[in-house]
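These are my notebook entries from a first look through one structure. I wrote down what I looked up, entry by entry, for a reader who has not met it before.

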Amino acid sequence: MIVLRGVLGLLLVAHGLVHLLYLAADVPEFSIDRSWLVPKAWRRPVAATLMGATVVGFTLLGLAVWGVPGLRDVWPILAITASGASALLIIAFFHPRLLLGLTIDGALVAVAVTQPIWAQTLTGVG
């Protein structure tokens, strides 16, 4: 169980860190230069806010899965918040290749809302 927690926590942190690719100029899928939703003047501050919330949220969620006291009990809130920020970022600066990210976010929200036994066991809650 410890190895599974370690791997899952690492994957969650990595999922958050991937969103920093929006800062890279040479990754066209992750571009804040185009948005169908956010006006040009607001793109950088909106993207920075959502990136920050996503990275912090998924880092805290990874720590919750690793069993950090105070975080493991609130993992559903962390999962919903981090996934929400991620989904908003992906939708606002949409590229079809990022559909996998939306799928991951949706799956995490579903797990957080339903809180199946395996997820509670994995996080050490319940």
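**Entry 1: Val113.** I began with Val113, which I found in helix H4, where helices are DSSP runs of H or I with at least four residues, numbered from the N terminus. I noted that Val113 is exposed, because its relative accessible area is 59% and the cut-offs, with a 1.4 Å probe and protein chains only, are under 20% for buried, over 50% for exposed and in between for partly exposed. I then looked up its distance to Ile80, and the two are 33 residues apart in sequence and 8.2 Å apart in space, C-alpha to C-alpha.

**Entry 2: what I am working with.** I reminded myself that this is a predicted model, in which local features need pLDDT of at least 70 and side-chain atom pairs count only at pLDDT 80 or more, while totals for chains, interfaces and linings use all residues. Residues are numbered from 1 along each chain as its sequence is written, and side-chain values use heavy atoms, with hydrogens and water left out.

**Entry 3: more of H4, and the loop after it.** Ala107 also drew my attention, and I placed it in helix H4, which covers residues 99-114. Ala107 counts as partly exposed because its relative accessibility is 43%. Between Ala107 and Met51 I noted 56 residues in sequence and 19 Å in space, C-alpha to C-alpha. I next turned to Gln115, which sits in the loop between H4 and H5 and is partly exposed, at 32% relative accessibility. Its phi is near 45°, a positive value in a residue other than glycine.

**Entry 4: the nonpolar cores.** I wanted to know which residues touch the most other members of the largest nonpolar core. A nonpolar core here is a set of buried Ala, Val, Leu, Ile, Met, Phe, Trp, Tyr and Cys residues joined through side-chain atoms within 4.5 Å. Of the 14 residues in the largest one, I wrote down Tyr22, Ala47, Leu89 and Phe93 as those that touch the most other members. Helix H2 (40-65) and helix H3 (75-92) each supply at least two residues of this core, and H3 gives the most, with 4 residues. For Leu89, leaving out residues up to four places away in sequence, I listed contacts (heavy atoms within 4.5 Å) with His19, Tyr22, Ala47, Leu50 and Met51. I also found a second, separate core of 13 residues, which includes Phe58, Ala64, Leu78 and Leu108.

**Entry 5: two serines.** Is Ser86 buried or exposed? I looked in helix H3, where Ser86 lies, and recorded it as buried, because its relative accessibility is 0%. The side chain of Ser86 makes a polar contact with the side chain of Asp105, at 2.6 Å; a polar contact is a pair of N or O atoms within 3.5 Å, and within protein one must be able to donate a hydrogen and the other to accept it, while residues adjacent in sequence count only if both atoms are side-chain atoms. Setting aside residues up to four places away in sequence, Ser86 touches His15, His19, Thr54, Phe58 and Asp105.

Ser35 came next, in the loop between helix H1 (2-18) and H2, and Ser35 is buried, at a relative accessible area of 15%. A polar atom of the Ser35 side chain lies 3.1 Å from the backbone nitrogen of Leu37, and a polar atom of that side chain lies 2.9 Å from the backbone nitrogen of Val38. Apart from neighbours within four places in sequence, I noted Arg43, Ala92 and Phe93 as the contacts of Ser35.

**Entry 6: the largest pocket.** I looked up which residues lie nearest the centre of the largest pocket, and found Leu8, Leu12, Leu108, Val111 and Trp118 among the 18 that line it. On a 1 Å grid over the protein atoms alone, a pocket is an open set of points where a 1.4 Å probe fits, with protein on both sides within 12 Å along at least five of seven lines, and lining residues have an atom within 4 Å of a point. The elements that give two or more residues to the lining are H1, H2, H3, H4 and helix H5 (117-123). I sorted the lining residues into 16 nonpolar, 2 polar and no charged, where Ala, Val, Leu, Ile, Met, Phe, Trp, Tyr, Cys and Pro count as nonpolar, Asp, Glu, Lys and Arg as charged, and the others, Gly among them, as polar.
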